[in-house]
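User: I would like to learn how to read sheets and cavities in a protein model. Could we work through an example?

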Amino acid sequence: MLLNQRKIRVLVVDDSAVARAFLTKGLAAYPYIEVVGYAINALDAKAKILRLQPDVMTLDVEMPGTNGIDFLSQLLPEHPLPVILVSSLSLRVFDALAAGAVDFVRKPDGTESRETFFRALAQKIVVASHAKVVPPRRAVSRDSFSTVPPPSPLGQIGNPGGIRQQTIIGLGASTGGTEATLEVLKRLPADIPGMVIVQHMPPGFTKMYAQRLNKLCAMEVREAVNGDEIRPGLALIAPADLQARVVRMGTRYTLACQPGDKVSGHRPSVDVLFSSMASQVKCHMVGIIMTGMGRDGASGLLEMRNAGAYTIGQDKESCVVYGMPGVAQQIGAVTIQASCENIAPVLIQHLKTGK
């Protein structure tokens, strides 16, 4: 961070005194972050947001009284403040993301070092300070699987008769992507060509995320396991902390999910997925790159386009962070840009007409 840039002002919200002290002390080690205060509950946080004017807030999902989800639903329409969730492994995280939180980190549970946790949190705080906050457009239910009305059998966009089934679709997203990906999938039909999705998130959450999407979307969605066949009607979520690559086996395609080094700073990496598609897929293929910080996926998407793929980039206006799709657009990897809400119709139109 440049010396003449103002520090990112952070408000820590957690009902646990131990957690507040842990977060405050850990974030103080980063010279570009200033913890301007803490709050013990939603009421306390609302008062301190008005007084301290933080740039970013960290928030525990589970708090006594007004929980983090209800707090976000009330707060963000009036004060669109970027919020990073600091949460244990819980489905409630996805409800909080639906309520407008920008991103999340998993509370330390002994499986990772203190340094790794704070490095991830500090990076997300930097990203959040530049993010576009999207207040919730609907009330968020306490039912973890009911934040979005279930799709119609036709994916809410009409009968896609005549689409090419011999197609593989790859989708990559990061910050803001959990809800953006849902916005796309819930508009797609049950018999959509096989999909592989890389969404950057901590270990443990990809399985729950897949279960949530499976409840809310017409197609089957599940966390991938090594060797899964990619087939129509199935969307596979790449598991956290493994690299996912498409592998051709004659006329069939499977997904290899294996340990490996981080690529473009991530594991799984969108670049790894897209690059494998460019080299392995001999049938028609589509690449979709969505909201996220950095450039993961941009180079791989260019490889796909050069190999004949149809590629879609989320437009700037609908992105929480126009990083990954912005770089992809800049280097010529994107065939067409579309808003989050229009990506599904653009995809279906292409599959039906080839245009």
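Analyst: We take the two sheets in turn, then the cavity; note that this is a predicted model.

User: Which strands form the sheet of seven, and in what order?

Analyst: To read a sheet, follow the pairing from one strand to the next. Here the order is E8-E10-E7-E6-E13-E14-E15, in an open sheet with parallel pairing.

User: Why is one side of strand E8 and of strand E15 left without a neighbour in the sheet?

Analyst: Strand E8 (220–223) and strand E15 (336–338) are at the edges and have a single partner strand each, so one side of each has no neighbour in the sheet. Direction ignored, neighbouring strands of this sheet are turned by 20 degrees against each other on average.

User: How many bridges join E14 to E15?

Analyst: Three bridges join strand E14 (residues 310–314) to E15, and the two run parallel. At residue level, Ile 312 is opposite Ile 336 in E15.

User: Which helices lie against this sheet?

Analyst: H6 packs on the sheet and touches strand E6 (167–173), strand E7 (195–199), E8, strand E10 (234–237) and E14. The direction of H6 makes about 160 degrees with that of E7. Helix H8 (residues 270–280) lies across E6, E7 and strand E13 (284–289), at about 160 degrees to E6.

User: What is the strand order in the sheet of five?

Analyst: The same reading applies. The order is E2-E1-E3-E4-E5, again an open sheet with parallel pairing. Strand E2 (33–39) and E5 are the edge strands, each pairing on one side only. The average turn between neighbouring strands of this sheet is 25 degrees, direction ignored.

Strand E1 (residues 8–13) pairs with strand E3 (residues 56–59) in the parallel sense over four bridges. Within that pair, Val 12 has Thr 58 in E3 as its bridge partner. Helix H5 (residues 114–129) lies across E1, E2, E3, strand E4 (83–87) and E5, running at about 170 degrees to E5.

User: Now the cavity. How is empty space found, and how many cavities of 30 Å³ or more are there?

Analyst: A probe the size of a water molecule is rolled over the atoms to show where empty space is left. In this structure the search finds one cavity of 30 Å³ or more. The largest cavity holds about 40 Å³ of space.

User: Which elements give two or more residues to its lining?

Analyst: Strand E5 (103–106) and helix H6 (177–185) do. Lining residues include Asp 103, Phe 104, Gly 177 and Thr 178. By class, the lining has three nonpolar, seven polar and one charged residues.

Terms used. Residues are numbered from 1 along each chain as its sequence is written. This is a predicted model: local features need pLDDT of at least 70, side-chain atom pairs count only at pLDDT 80 or more; totals for chains, interfaces and linings use all residues. Side-chain values use heavy atoms; hydrogens and water are left out. On a 1 Å grid over the protein atoms alone, a cavity is a set of points where a 1.4 Å probe fits but cannot get out, and a pocket is an open set with protein on both sides within 12 Å along at least five of seven lines; lining residues have an atom within 4 Å of a point. Grid points are joined across faces, edges and corners, and a volume is the space filled by probe spheres set on the points. Ala, Val, Leu, Ile, Met, Phe, Trp, Tyr, Cys and Pro count as nonpolar, Asp, Glu, Lys and Arg as charged, and the others, Gly among them, as polar. Two strands pair if DSSP finds at least two bridges between them. Axes are lines fitted to C-alpha atoms, for helices over the stretch in contact, and angles run from 0 to 180 degrees between N-to-C directions. Contact means heavy atoms within 4.5 Å.
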